[in-house]
Amino acid sequence: MRIDDIRQRLRASGAKPCHEQRVLRAWTQALPLDGGQSRSEDFFPAPLRAGLPAIATELAALAHVRSEHAGEDGARLLVELADGQAVESVLLPRDGLCVSTQVGCAVGCAFCMTGRDGLLRQLGSAEIVAQVVLARSRRVVRKVVFMGMGEPAHNLDNVLEAIGLLGTEGGIGHKNLVFSTVGDRRVFERLPQGNVKPALALSLHTTRAALRAKLMPRAPRIDPAELVELGETYARATGYPIQYQWTLLAGVNDDDEELDGIVRLLAGKYAVMNFIPYNSVAGTGFARPSWEHAAAMARHLHRRGILTKLRHSAGQDVDGGCGQLRARAIAPGGVGQPAGAGPAAVVLARRGQS
């Protein structure tokens, strides 16, 4: 389901723009329609009131939590969609949330579990937002990063539609909506055109074009230097620094040559380098460098004038890197027990109703 489908259903039930806005705001913020002194029967026309329960049922069916896995860095949610497929969302520290945009992924990064089965299907924009609603039914969410399963650039219309709603009715600051991509020229064409312009995270991982092609075999062939220039143009236009993502792989992209390359590409740029030690996945042939080595790399870049952050790999303590929970869920024996529905549209019911 797409957000536009929800809008059409509301209009078919007699909603005017003000009614539509109110319903979507309540849904995306996980709030009741009846708030304070305002009652839905005083605001909504009778045909819309009659149609809301069916719409609420459809929204509730979009996604529910199949299992929840608590870790030191936040809870990882295995989210089941209406057709039985599953994606992953992560409740991050400091009121953040990581959401998925596809079931599977077509990029096939050599170090990632998500792309091993290829792309199974796109998520509709409403399914993407439903992950935010599930999280908000549990706790406050002030930042959403599109860094979960899938490549957002390969589902651009749905992702931008979700970003548009979250940045308006969802009440999330535009710079706190982070679009993550391996790099696709369509992204740099489309993002500046939207009313909501998200921050941008670019998966760089190496400054060497040949190595990048091996690590990300089906990513667009954009030379790292060109990718940085495209990112810099967007950063200056929006006023948000580009977040460069770099998964540290021992003996692959953690040497002095790469450090020199990073300085060459990012010196003077409006950018932040995020070093993320590899989240180990059996059978990939990759390993994470020691924390001491990773920290030394970050210090070296700081001394050279490159703002660098060394991140902990989310889910390392529960084997919950992107795609790992889903992979265990579809393997014989499954993964855990359902953690309860946490319905995505319960907020559309009036207070006192279930």
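Which residue does the side chain of Arg 11 meet in a salt bridge? Select Arg 11 and Glu 20: their side chains form that salt bridge, with 2.8 Å from N to O. The model on screen is predicted. Colour the two residues by accessibility and they part ways. Arg 11 counts as partly exposed because its relative accessibility is 45%, and Glu 20 counts as buried because its value is 6%.

**The whole chain**

Zoom out and show the chain as a cartoon. Twelve helices and twelve strands should appear. Of the 354 residues in the chain, 53% are buried. Turn on the surface: about 14,800 Å² is exposed, and carbon and sulfur atoms supply 51% of that area. Among contacts with a separation of 6 or more, 69% are between residues 24 or more positions apart.

**Salt bridge between α1 and α4**

The whole structure holds 20 salt bridges. For one of them, select Glu 58 and Arg 9, whose closest N and O atoms are 1.9 Å apart. Arg 9 belongs to helix α1 (residues 3-12) and Glu 58 to helix α4 (residues 46-60), so this pair ties together parts that are 49 residues apart in sequence. Glu 58 is partly exposed at 32% relative accessibility, and Arg 9 is partly exposed at 29%.

**A network around Arg 208**

Next, select Glu 257 and Arg 208. Their side chains meet in a salt bridge, 3.0 Å from N to O. Glu 257 sits in helix α10 (residues 256-266), while Arg 208 is in the loop between β9 (199-203) and α8 (209-215); the pair links distant parts of the chain, 49 residues apart. Glu 257 is partly exposed, with a relative accessible area of 48%. Now add Asp 255 and Glu 258 to the selection: together with Arg 208 and Glu 257, they are linked in a network of salt bridges.

Stay in the loop between β9 and α8 and pick His 205, which is also placed there. What is the phi of His 205? The angle is near 70°, a positive value in a residue other than glycine. His 205 is buried, with a relative accessible area of 5%.

**The loop between β3 and β4**

Move to Asp 95, in the loop between β3 and β4. Its phi is near 65°, again a positive value in a residue other than glycine. Is Asp 95 buried or partly exposed? Its relative accessible area is 26%, so Asp 95 counts as partly exposed.

Arg 94 lies in the loop between β3 (86-92) and β4 (96-98) as well. Arg 94 is exposed, with a relative accessible area of 74%. Keep Arg 94 selected and add Lys 143, Lys 309 and Arg 311: these four gather in a patch of positive charge on the surface.

**Last stop: His 302**

Select His 302, found in helix α11 (residues 291-303). At 41% relative accessibility, His 302 is partly exposed. Which residues does His 302 touch, not counting those up to four places away in sequence? They are Leu 307 and Thr 308. To finish, put a distance label between the C-alpha atoms of His 302 and Val 263; these residues are 39 apart along the chain, and the label should read 9.9 Å.

Technical notes
Residues numbered from 1 in each chain as written. Predicted model: local features only at pLDDT ≥ 70, side-chain atom pairs only at ≥ 80, totals over all residues. Heavy atoms only, no water. Patch = residues over 30% accessible without salt bridge, like charges linked within 9 Å, V, L, I, M, F, W, Y side chains within 5 Å. Areas by Shrake-Rupley, 256 points an atom, 1.4 Å probe, with all protein chains shown as cover. Lys, Arg positive; Asp, Glu negative; His and termini not counted. Charge placed at Lys NZ, Arg CZ, Asp CG, Glu CD. Helix = DSSP H or I, 4+ residues; strand = E, 2+ residues; numbered from the N terminus. Buried < 20%, exposed > 50% of the residue type's maximum accessible area, 1.4 Å probe, protein only. Contact = heavy atoms within 4.5 Å.
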